[in-house]
Amino acid sequence: MASSNPFASILKTLEKPGGGEFGKYYSLPALGDPRIDRLPYSIRILLESAIRNCDEFQVKAKDVEKIIDWENSSPKQVEIPFKPARVLLQDFTGVPAVVDLACMRDAMNKLGGDSNKINPLVPVDLVIDHSVQVDVARSENADLDSHQVMYSYMRCEPGILGRVVFNTEGILYPDSVVGTDSHTTMIDGLGVAGWGVGGIEAEAAMLGQPMSMVLPGVVGFKLSGKLRDGVTATDLVLTVTQMLRKHGVVGKFVEFYGEGMCELSLADRATIANMSPEYGATMGFFPVDHVTLQYLKLTGRRDETVSMIESYLRANNMFVDYSQPQVEKVYSSYLELNLEDVEPCVSGPKRPHDRVPLKEMKADWHSCLDNKVGFKGFAIPKESQSKVVEFSYHGTPAQLRHGDVVIAAITSCTIPQILVAGAFINAHSEWNAHNWVKPWIKTSLAPGSGVCNQIFREEVCFRNLEDHIFQNVFGKCIPESDVALHSGLQKYLNQLGFHIVGYGCTTCIGNSGDINESVASAISENDMVAAAVLSGNRNFEGRVHPLTRANYLASPPLVVAYALAGTVDIDFEKEPIGVGKDGKQIFFRDIWPSTEEVANVVQSSVLPAMFKATYEAITQGNPMWNQLSVPSSTLYTWDPKSTYIHDPPYFKSMTMSPPGPHGVKDAYCLLNFGDSITTDHISPAGSIHKDSPAARYLMERGVDRRDFNSYGSRRGNDEIMARGTFANIRIVNKLLKGEVGPKTLHIPSGEKLSVFDAAMRYKSEGQDTIILAGAEYGSGSSRDWAAKGPMLLGVKAVIAKSFERIHRSNLVGMGIIPLCFKPGQDAETLGLTGHERYTIDLPSSVSEIKPGQDITVVDRQWEIIYLYHEIRYRGWVILVQVELAYFDHGGILQYAIRNLNRWEKLTSLKSNRRVGSCSTLRTNFSHDVISLPVVFPESVICHALNALCGGCAILSSIVSSKAFPA
């Protein structure tokens, strides 16, 4: 049972400068332990959380000692509990999370428990951004400024995604968050400790379960110098990503420090932190300093709030003051980068960490055409590389070559500074270059915040830029009486097709929408390697669009430049991107703005009032949301006709007794993969192909093809998502000997079937299946369906060279065994083809299984039934003891239900709430967060599901121009 906090003696009062108090806090300096002064700032946040939540039950004093002794305990891979301050859900993972909570309530009710126990015990934010799809481009109708229902259809009050410091019932503590978006790490740029987890793990955290984690090592990354003109935060983050991937930071924190920090804006820091999943770290952390405080003021935080944040962090030794001498911190390893060495670059064509310096891009592109098919190759024969395809675009003759750009997208992870740079390029192009983007290139602008709309549309100040813009562009000086250009920069963006299409992930998540049919036919019928250029963070093959085999990440100015050029086969140093009215060639260097110019515009035009106005507009509400029916029942009434929400089968036969560990007996190999199989390969989020099992399911239920929507939009329906598992059209399965596509071989019959159909045949025959894979299995987005889907297909184990951290945890959470080959081994070195039968023997008692132990796998050749190969794999990739408990219970959700049912006194929502409990569910329709006062505890789950069925129907019909029936 929980007891009083043994650290109550260090609970101190934080006084206000003018008298009074901000609140009380657990003081780290009051411990008087010199080891704390040497701890990385990111570890101090873990320490404070452990102290504040210490009850000698879920969090113990010995856990606190492990963290204080981080320098010695971290190399030993010790396990600690962590209770984040809040949980963040995005819609692609939030929808199934809400569905899971609803069916967990059903399961609790069937087990004789109180279904009201299935309710969030910590604040939860639900962000609606991944559902935005670019169906309409190059049109004012695509601009969602006229559809404020997107952001305000819920009755809500303003909330802020980054709080930095909480003040809950008079107790002050640092903000921390785990989110079901792997790019939750963007918040690390604000000094908030946050990282991505699987949706399944997040649900357990919502229900009050502490997260068990290995105390991480911390890589110290020292920054010095200053970025040169023409170098953007995107160039910096691609460089940092490449360095950290080479260094190896999987499972670690990265903490940035050094005098170069003063040269990075908060937005630059957030851009670097955002790419943590791409360089493999749990998070890339920037401790709070004066830059952070300036950003908080800029974004409309009250002076008293900022004062409280600074006072608390200084008092608890969590604030970095670079004007003062710095105490040397201890890190697990060290890296250093002089910002002056960073150069313009892009990344691609298939992975975010394959950085290409801009000056080498043309040569690299031709190498990719030559190279064999792989991450840097398309194997296009020399004689075909110069092929020109003629086609007709709306009656006008057009041409397509390898490397031609068909999608150019500025997406939501982009920040205003580099958006302004892109707008400058457009301004120059419109007045001097007289060079338009080809009409068949699908262009779009999807910022992460409605504030960007004001920056570009409202009075963008040019006081400090009249010589540059008006003299060089308009050929005259700005009149002294004019202090602002009312048309703003959006005018120039629109003229080249970069209209605002919404506020969300769009193209980066795979919601690029359809490209013109004539362009699509020209690509597919002639096997052309078409290109997409986007300012996002993920460019895995098949993610951005099924027909863009080459996808490059670039800064917004480069996205615009490549759109103008119309091809990635260009050397910007030597080749022009257009021709001016006077016939003079226009080069990229002629239109690129300086860092100072961009900074001046941002400083003069990005104002606190814009953020305040945006948040106030969101709170106005919307009748369509208010009119939604909210049932009073604690249990959700499932609609069997719905193709969006479906009662999943996870708990249908569940009892109070854990099923125990399960082995695998004579399993077939469902799929045999190589390296870098991403969650986009496993569970695609994009469009539903017309010939897929999911399409058949929808058509059988009367859904027209134009209303298929995307897999992401239908993540509340397990029937569709199971059929969408391994449905990526670019997936390569070795069982098919190089054939590309979502099919596999049914070993007993030798038939080639869709993955879903083959899996169902194995299940109907009572046969287990496993998956063979190479390195980095499950990298990419933190999609719980990438684990749920294989479980529903009957997969019992995945044997790989290595796993991505979140996906490994998700597999365990769904009861799938993750196994690693021993170092130096893989399927090829062991001679495994996937035609074998596999047996994995596990002890019958979970107490006999240890994290990391060797497990013997016996494979039996299918052709020679009596020939056995005994192969000893490295064993479990389960890293913490609690995951064994999840596996013993058949999954993390089953574990949570049984515990909640057993420990009623500890989890009853009828008791007094502890510090950190919540009574609101916050929802957000871009990256601006809103909080919703909804009814707790009785009807929140039903309310949310009705919102998904009803409110999101409004959302989808507006954003995607698609029907989204309840």
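Which residue of strand 32 does threonine 769 stand opposite? Threonine 769 faces valine 795 there, and I would like to use that pair as the way into this chain, keeping in view throughout that what we are looking at is a predicted model.

Let me start with the chain overall. The chain has 966 residues, of which 64% count as buried, and its secondary structure comes to 32 helices and 39 strands. If we take the contacts with a separation of 6 or more, 75% of them are accounted for by residues 24 or more positions apart. The accessible surface comes to about 34,700 Å², and carbon and sulfur atoms hold 50% of that area.

Now back to the strand we opened with. Strand 31 covers residues 769-772, with Thr769 and Ile771 pointing one way and Ile770 and Leu772 pointing the other way, and all of these residues are buried. Strand 31 is joined by four bridges to strand 32, residues 795-800, and the two run parallel. Strand 31 also pairs with strand 28, residues 664-672, again over four bridges and in the parallel sense; in that pairing, isoleucine 770 has cysteine 669 opposite. As a general reminder, the strands of a sheet pair through backbone hydrogen bonds, whether parallel or antiparallel.

Elsewhere in the chain there is an open sheet of four strands, in the order 14-13-12-15, with parallel pairing. Why is one side of strand 14 and of strand 15 left without a neighbour in the sheet? Strand 14 (283-285) and strand 15 (333-338) stand at the edges, and each has a single partner strand, so one side of each remains unpaired within the sheet. From one strand to the next, the twist averages 20°. Inside that order, strand 12, residues 218-224, and strand 13, residues 253-257, run parallel and are joined by five bridges, with glycine 220 standing opposite glutamate 255. Helix 7, residues 233-247, packs on this sheet and touches strand 12, strand 13 and strand 15, while its direction makes about 150° with that of strand 15.

Helix 6, residues 199-206, deserves a separate word, because eight of its eight residues are buried and the helix is therefore largely enclosed by the rest of the structure. Those buried residues include Glu201 and Glu203, alongside Gly199, Ile200 and Met206. Just after helix 6, glycine 208 takes a positive phi of about 90°.

Let me turn to a single buried side chain, aspartate 175, which lies in the loop between strand 8 (171-174) and strand 9 (176-179). Is aspartate 175 buried or exposed? With a relative accessible area of 0%, aspartate 175 falls under the 20% cut-off and so counts as buried. What, then, does its side chain meet? A polar contact of 2.8 Å joins the side chain of aspartate 175 to that of arginine 86, and a polar atom of the aspartate 175 side chain lies 3.2 Å from the backbone nitrogen of arginine 163.

My last example links distant parts of the sequence. Leucine 900 sits in helix 30, residues 892-902, and counts as buried because its relative accessibility is 1%. Leucine 900 and glycine 113 are 787 residues apart in sequence, and yet their C-alpha atoms are 8.5 Å apart in space.

Technical notes:
Residues are numbered from 1 along each chain as its sequence is written. This is a predicted model: local features need pLDDT of at least 70, side-chain atom pairs count only at pLDDT 80 or more; totals for chains, interfaces and linings use all residues. Side-chain values use heavy atoms; hydrogens and water are left out. Buried means under 20% relative accessible area, exposed over 50%, partly exposed in between (1.4 Å probe, protein chains only). A polar contact is a pair of N or O atoms within 3.5 Å; within protein, one must be able to donate a hydrogen and the other to accept it, and residues adjacent in sequence count only if both atoms are side-chain atoms. Contact means heavy atoms within 4.5 Å. Accessible areas come from the Shrake-Rupley method with a 1.4 Å probe; for residues, only the protein chains shown count as cover. Two strands pair if DSSP finds at least two bridges between them. Axes are lines fitted to C-alpha atoms, for helices over the stretch in contact, and angles run from 0 to 180 degrees between N-to-C directions.
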